[in-house]
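Here is a quick tour for anyone opening this structure for the very first time. Have a look around, then read on.

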Amino acid sequence: MAAASNKIAENKKARFNYLIEESHETGVVLEGWEVKAIRAGQVQLTDGYVVIKDGELFLIGCRINPLRTASTHVHPQADRTKKLLMHKDEIRRLIGKVEQKGFTLVPLELYYKAGRVKCAVALAKGKAQHDKRETEKTRDWEREKGRLMRTKVSSNGSASKD
C-alpha cells in the first residue's frame, strides 16, 4: 500500500496470524511529541489492534516511545489509545462485517503520505493452526527454491568461464 521509503513501522505478525481480506487507509490523530518520536523511529506496531467504540475507530497497543528531549510540561504515555480517521460510510461498512461475519480489524503498517502519518488497517480473519503451518511450509519452500536457483545459476556461471 505504501512506498518502501515512506514506511514507518510494519506489523509482520498480522500477515502470519490472519487472512487479510481487504485493506483500508486511515489517518491517525497524534500529539506533537508522538510525531517527533515517530520521525526518530521510536514506534512499535506488533501488538496493536483496532477497536470500534461509538462508531469510531481506535488503535490500541501501538507503542510510541517518547524521546528523552520531550518537553518538561508534556507527560507522554507510550501506550496511549490513538483515534483513527476514516469516512463514516466506510466505518459503518466495517462495523457490519466485524459484527456479522466474524472479521477483526488489524493494523498492518504505519507510513507517511503527503507529510502525514497514515495507518493501513486490514479486515482480517484469524488463521487456524494448520493454516499457519501451511504458511510456514510455503515460506520455507520459497526460501529453499531461491537457494537452489542461486546455486544453479552460480554453478552454471562458473562452468561457462572454464
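## Charged pairs across the chain

Let's start with a term: a salt bridge here is a side-chain nitrogen of Lys or Arg within 4 Å of a carboxyl oxygen of Asp or Glu. One such pair is R80 and E34, whose side chains meet at 2.6 Å, N to O. R80 sits in the loop between β6 (63-64) and β7 (82-85) while E34 belongs to helix α2, so this bridge ties together parts that are 46 residues apart in sequence. Both partners are tucked away: R80 is buried, with a relative accessible area of 18%, and E34 is buried too, at 0%. They also have company, as salt bridges with shared partners join E31, E34, R80 and K82 into one network.

Keep in mind that this is a predicted model. In total, the structure holds 13 salt bridges.

## Two more bridges to look at

How far apart are the closest N and O atoms of R93 and E22? They are 2.6 Å apart, in another salt bridge. This pair links distant parts of the chain, with R93 in helix α3 and E22 in strand β2 (residues 18-28), 71 residues apart. R93 is partly exposed, at 38% relative accessible area, and E22 also counts as partly exposed, at 21%.

Then there's K7 with E109, a salt bridge at 3.6 Å, N to O. K7 lies in strand β1 (residues 7-10) and E109 in strand β8, and 102 residues separate them. Is each partner buried or exposed? K7 is partly exposed, with a relative accessible area of 35%, whereas E109 counts as buried at 7%.

## The nonpolar cores

Now for the greasy side of things. The largest nonpolar core has 24 residues, and L84 and L110 have the most contacts inside it. Elements giving two or more residues to this core are α2 (32-39), β5 (56-60), α3 (88-101), β8 (104-113) and β9 (116-126). Of these, β9 gives the most, with 4 residues.

What does L84 touch, leaving aside residues up to four places away in sequence? Its contacts are T26, G27, V28, V50, L57, F58, L59, C119 and V121. Apart from this core lies another one, of 7 residues, including Y111, A120, A122 and A124.

## Rings and charges

F58, one of the residues touched by L84, has a charged neighbour as well: K53 lies over the face of its ring, at 5.9 Å from the ring centre. As for rings pairing with each other, a search of the whole structure finds 0 aromatic pairs.

Definitions and conventions
Residues numbered from 1 in each chain as written. Predicted model: local features only at pLDDT ≥ 70, side-chain atom pairs only at ≥ 80, totals over all residues. Heavy atoms only, no water. Phe/Tyr/Trp six-rings, centres within 6.5 Å; stacked < 30°, edge-to-face > 60°. Lys NZ or Arg CZ within 6 Å of the ring centre and 35° of its normal. Core = buried A, V, L, I, M, F, W, Y, C linked by side-chain atoms within 4.5 Å. Buried < 20%, exposed > 50% of the residue type's maximum accessible area, 1.4 Å probe, protein only. Contact = heavy atoms within 4.5 Å.
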